[in-house]
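The exercises that follow each set a task and then work through a solution step by step. Please keep the sequence and the structure in view while reading.

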Amino acid sequence: MDIKTVGIVGAGQMGNGIAHVMALAGYDVTMTDISEDALQAAIKLIDSNMERQVSRDKITAEAKADAMARIATTVTLTDLGPSDLIIEAATERETVKQAIFEDLLPHLKPHTILTSNTSSISITRLASRTDRPEKFMGFHFMNPVPVMQLVELIRGIATDSETYDACKQVVDKLGKTAASAEDFPAFIVNRILMPMINEAVYTLYEGVGNVQSIDSSMKLGANHPMGPLELADFIGLDTCLAIMNVLHDGLADTKYRPCPLLTKYVEAGWLGRKTQRGFYDYRGETPVPTR
């Protein structure tokens, strides 16, 4: 199947990044969100991110102009119906995702492929609530989308090979690398990454080290570009907690128990960079550890 049009549900951090790379690769993109303000903010951010690429000679001004012209926005979810490929990048809550697919189903073309950018939720279960489980799969981009080279492609139990091949061709056209993952809780990247972050929070919780020493240890001792607590703030502590809960519930192993301190930060609304406070306080000129 030759995919030409892409619908993106959600104009947040992941949705606008996906729209950015899809438009640059030549796809006609329609991005939707429940908020017109969110859509306008996303367009503004895509424009400034592409402008940065122009200034660094990564793309030409002409390529930027062409890509921006390929992005349309709408607050009406069903406008995405005619798309060849739909990528859902809404909040990491299964009930929200199910409601989105339910609303879309009556408006889809017979050949439309449905995908989710979920970082941990069962693709098989999401697919089973649709009329096309064979044309449904996980399309998991890494954040920030324009920079990160990996895309996890996750087949549900019913996903057919044509759907996988079509999505793999899209990843290739984006100039990114596809990693094929089986549909088990958190797939590959987060199955490995989130327990490491959770263990770093336990290390803080138990007083083994403070925020600064834990992050410095992993950056300088393990050559990680970001410390685990800094990375957790970047991802969003609510997202980290949601993925740990999926791992804990899905695999029934106590080694995936979310750290109580992570839960406490989320309860406080200290979710990381997006709320200006997490393991660091971002309200000043430079981030300051909160513990």
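Helices (H or I, at least four residues) and strands (E, at least two) are DSSP runs, numbered from the N terminus. This is a predicted model, in which local features need pLDDT of at least 70 and side-chain atom pairs count only at pLDDT 80 or more, while totals for chains, interfaces and linings use all residues. Residues are numbered from 1 along each chain as its sequence is written, and side-chain values use heavy atoms, with hydrogens and water left out.

**Exercise 1. Find where Ala252 and Phe187 lie, and decide whether each is buried or exposed.**

Step 1. Ala252 is placed in the loop between H10 and helix H11 (260–268), and its phi is positive, about 50°, although Ala252 is not a glycine.

Step 2. Phe187 sits in the loop between strand E8 (177–182) and H7, and Phe187 too is a residue other than glycine with a positive phi, in this case near 60°. Most residues other than glycine have a negative phi, and most peptide bonds are trans.

Step 3. For accessibility, buried means under 20% relative accessible area, exposed over 50%, and partly exposed in between (1.4 Å probe, protein chains only). Ala252 has a relative accessible area of 70% and is therefore exposed, whereas Phe187, with 6%, is buried.

**Exercise 2. Identify the peptide bond between Asn143 and Pro144 as cis or trans, and locate Pro144.**

Step 1. The bond from Asn143 to Pro144 has an omega near 0° and is cis.

Step 2. Pro144 belongs to the loop between strand E6 (136–141) and strand E7 (150–155).

**Exercise 3. Compare the annotated "binding site" with the lining of the largest pocket, and then describe Gln13 and Gly15.**

Step 1. In the unreviewed UniProt entry, the "binding site" annotation covers Gly10, Ala11, Gly12, Gln13, Met14, Gly15, Asp33, Glu92, Lys97, Ser119, Asn143 and Lys274. UniProt positions are given in the numbering used here, feature names are shortened, and annotations may be inferred rather than shown by experiment.

Step 2. Of these residues, the lining of the largest pocket includes Gly10, Ala11, Gly12, Gln13, Met14, Asp33, Glu92, Lys97, Ser119, Asn143 and Lys274. On a 1 Å grid over the protein atoms alone, a pocket is an open set of points with protein on both sides within 12 Å along at least five of seven lines, where a 1.4 Å probe fits, and lining residues have an atom within 4 Å of a point.

Step 3. Gln13 lies in helix H1 (residues 13–24), and its relative accessible area of 46% makes Gln13 partly exposed. Not counting residues up to four places away in sequence, Gln13 touches Asn143 and Phe234, where contact means heavy atoms within 4.5 Å.

Step 4. The side chains of Gln13 and Asn143 are also joined by a polar contact of 3.4 Å. Such a contact is a pair of N or O atoms within 3.5 Å; within protein, one must be able to donate a hydrogen and the other to accept it, and residues adjacent in sequence count only if both atoms are side-chain atoms.

Step 5. Gly15 is also placed in helix H1, but Gly15 has 0% relative accessibility and so counts as buried. Leaving aside neighbours within four places in sequence, Gly15 is in contact with Ile8, Gly10, Met31 and Ala89.

**Exercise 4. Describe how strand E4 is covered and paired, and follow Glu88 to its partner in E5.**

Step 1. In strand E4 (residues 85–88), Leu85 and Ile87 on one side and Ile86 and Glu88 on the other are all buried, leaving both faces covered.

Step 2. Strand E1 (residues 5–9) runs parallel to E4 and is joined to E4 by four bridges, with Val6 having Leu85 as its bridge partner. Two strands pair if DSSP finds at least two bridges between them.

Step 3. E4 also pairs with strand E5 (residues 113–116), in the parallel sense and over four bridges, and Glu88 stands opposite Ser116 in E5.

Step 4. The side chains of Ser116 and Glu88 make a polar contact of 2.5 Å, and Ser116 is buried at 0% relative accessibility.
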